[in-house]
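Student: I am new to this structure. Please take one part and walk me through it closely.

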Amino acid sequence: MAVSSFAPTSAEQAIEAPLLGSAGAGPTAATQAPVLSRARMRALVRRPTFVISAAILVFWILAAVLWHVVGLNPYADTGKLLADPNWSEPFGTDNLGRSVFARTLAGADRALLIGPLGSILATLIGSTLGVIAGYFRGWVDTVLTRIFDVLVVLPPIIFLIVLVTGFGASTTALIVDIGVVYAPGIARIIRAAVLAEMGKGYVASAKLQRESRIRIMALELVPNVWPTILIQVTLSLASAILMTATLSFLGLGAQPPSPDWGLQINSNMLYIEQQWWTVLFPALAVASLVVSVQLIADNVKEASQP
Amino acid sequence: MSDEPVVSVRGLRVEYRSRRGPLPAVSGIDFHVARGEAYGLVGESGSGKSTAAMALTRYLPANAELSAAELRVAGIDVLTLSGERLRQFRGGQLGVVYQEPGLALNPTMTVGEQVSEVYRLGGAGRKLADERTEQALDRVRLQPADAIARRYPHELSGGQQQRVVIAMALAVSPALLILDEPTTGLDSSVETEIMALIDELRAELGFAAILISHNLPLIAAHCRRIGVLRDGVLVEEGLSADVLTRPTHEYTKTLIAALPDITAKRPQSAAAPAGAAAGDTEAVGAQPLVTLASVGKNYHHKQALRDVSFTIGRGEVLGIVGESGSGKTTLGRTIAGLVSHHGEISWGIERRRHGRRELPQVQVVFQNADLSLNPRRTVRQVLRRSIELLGGEQTVEQLADSAGIDAELLDKLPAQLSGGQKQRVAIARAFAGQVPLVVCDEPTSALDVSIQARILRLLADLQERTGVSCLFISHDLAVVRQISHRIGVLYDGELVELKSSDEIFEAPEHPYTRQLVQSAMSLRQAGQRSAVA
């Protein structure tokens, strides 16, 4: 499964990325251009899976932003309980008579808030620690790496359940939890990328010129592992979105009457045999968003490698 | 000598298809190689010499387009071959020896199995193949052959690996042996042995050879005729002696002029105090800058440096020569403070300060400019920061100008620069401020000869102008001699000899130094011999 294979396989590919990038594989400047140069954008737009996924993502972003504006109400009782999909209610209604269509679209804003912010936070923490571990090596590296190793082997869902039980399920707490859970995996990959850069003469030259450590890390190393960092953001994103939905499904994330997708699936599970629409549409929403984000990540990663 | 040449090529063209249209690699060249003859193809990187030779095997990348008026090897029209007949032709008439023997051998098989495989593909049974393998290894002077056969490639030295590759190439008794930079990357004494072996085998077995190299004197010493390639065109062709001594084409002339001449001494500096006789190093290096006392370095259980002691004087250029693995790079890194060490390194000067910051004592110019420049910083950013950090007083433009970097290159990224330009930036970075010592670790060995000469001149010039001391590390004695006041010889982690540049050549004491000087001189003598013949 694409999402769960996140940690091991992407690690190897991500380590290759900066090596290929900085080896100056091509005679042109393209390899040194920003991660998404014009040529790469053009190559991306030619990939059908990328275009379809991007369209789905844009759709959900629009839904998240616009559902208030177009007057959808995910909480109102339409008067008919568990109604079949029909012209006025395209996705039918749920056990409390609420519009599944409105709730599915409205659920996008939670999904697109916690997952992305959580994975950005994870990448920030992970990259910082990874660069520090890779730069200082020695005991700093040993200590940090041991901690990462321990945290990485913890099953993320159990780790999250513990954190949520401890710190509550507010939006901020969930973002921080996701950040903490995904940071170690990212830190390990960034550390490996930094170690590959550390062997190159430009780092030695900067040290020999007595450049400050902060500047070596921020100005010499980070720009060269930047593609790896961007790839980590996108790769952890799909996983984080799925994880927030899972938490809500388990009753640990959003609380009723939130239109959160995971929560909707959970509270309508009883009706799956007869009133399938109450579960199918939120489930499709989660699946479409997670799969498109993952496909976008894969496409960006492939396009960024020469 | 038989009438028909082994190789005859007329109007050979090779183009590589690319998104930006066809890129010509070889644009219409003619040459022939007689039976048993050694023919040399010389050119700098990108001149198309490898492509031209590989066209004879039809083994080119998929985007290559090959055409020729005539392309015959051993009487076979190579252009018409395809499928099984092409395979038989490659397997029966040709042997190819590549630059990197380490990559040409399969690391998971013993070398004996790999050679024996060639015989078995030729139809021999296992027993016969194994017997022939031993003979073949014996023939390339790998003894005892049965013990060598049982080893894996990583258990052999680079020279031994190349001998195995040669044994494999000769297993099919080819009519033509193509040697693509066969000794590049090998140490000079090993190079001499390998080339001598090829000469002997050619006399013994009578195959024709095409020798491809960027090293003109090497080729001239081992080939009867040579062709000089430039941008896919054969600009000059003739007897080695003629080309080397009476080049007619401008390009060949510049190529020969750029050769590091083993007899070229460091030019007497005009700034040297009057009365300083030739070979007298007292004048420049009178005051000590840095002194090493019993410096050593261990990597795990291997001693990379053993008890090395010497002094670098102020304004002196100290050359260090040694083979790969001799510890010369470790020595440079140790002085630069990049690796820990035992023993003592003491400085004869106070640490200088710039504001509150201590300024560095050492800067390093690394061999590989590709890796020593941050791929994401422009030349201007690199130089500006270096001037700040080293407390230099020049502007970026002045610094660039003094290192021969065009102003228009300042806003480019390293990937947009050529190898020579990158190395100029790396040099400018090291000379951005008054740093007492610059360590140059093989600064020219990744560059083409003509660029190498210019970079050496730049280094000598900057050193002269700034009066900075310099530790110049190289495997190439000729390069070191041009620039150094004194030369030290590192052998297996030990400094076996340290003398003025002239004395090293005139009176080498240590057997290894003698061997080094001899192999450097013999190449030149061989060139001269063929010039006389």
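Tutor: Here is a close look at one helix of chain B, then at what surrounds it. This is a predicted model, so local features need pLDDT of at least 70, side-chain atom pairs count only at pLDDT 80 or more, and totals for chains, interfaces and linings use all residues. Residues are numbered from 1 along each chain as its sequence is written, while chains are lettered from A and ligands numbered from 1 in the order in which they are written.

Start with helix H7 of chain B, residues 158–170. Helices here are DSSP runs of H or I with at least four residues, strands are runs of E with at least two, and both are numbered from the N terminus. H7(B) has 13 residues. From first C-alpha to last, H7(B) reaches 18 Å, close to the 18 Å expected at 1.5 Å a residue. That expected span is 1.5 Å times one less than the number of residues.

Is H7(B) enclosed or open? 11 of its 13 residues are buried, so H7(B) is largely enclosed by the rest of the structure. Buried means 20 or more other C-beta atoms within 10 Å of a residue's own; exposed means 12 or fewer, partly exposed is in between, and C-beta atoms are placed from the backbone. Among the buried residues are Gln160(B), Arg163(B), Val165(B), Met168(B) and Leu170(B).

Now the cover. It includes helices H3 (101–104), H4 (111–121), H5 (126–139) and H8 (188–205) of chain B. Strands S7 and S8 (176–180) of chain B also belong to it.

Those two strands lead into a sheet. It is open, with 6 strands in the order S7-S8-S9-S3-S10-S11 of chain B, and the pairing is mixed. Two strands pair if DSSP finds at least two bridges between them. S7 (94–97) and S11 (233–239) of chain B each have a single partner strand, so one side of each is left without a neighbour in the sheet. Towards the S11(B) edge, 6 bridges join S10(B), residues 225–230, to S11(B), and the two run antiparallel. Leu229(B) stands opposite Leu234(B) there.

Finally, look at Leu176(B). The largest nonpolar core holds 151 residues, and Leu176(B) and Ile210(B) touch the most other members. Such a core is a set of buried Ala, Val, Leu, Ile, Met, Phe, Trp, Tyr and Cys residues joined through C-beta atoms within 7 Å. Beyond four places in sequence, the contacts of Leu176(B) include Val6(B), Val73(B), Leu94(B), Phe207(B) and Ile210(B). Contact means C-beta atoms, placed from the backbone, within 7 Å.

Definitions and conventions. Contact = placed C-beta atoms within 7 Å.
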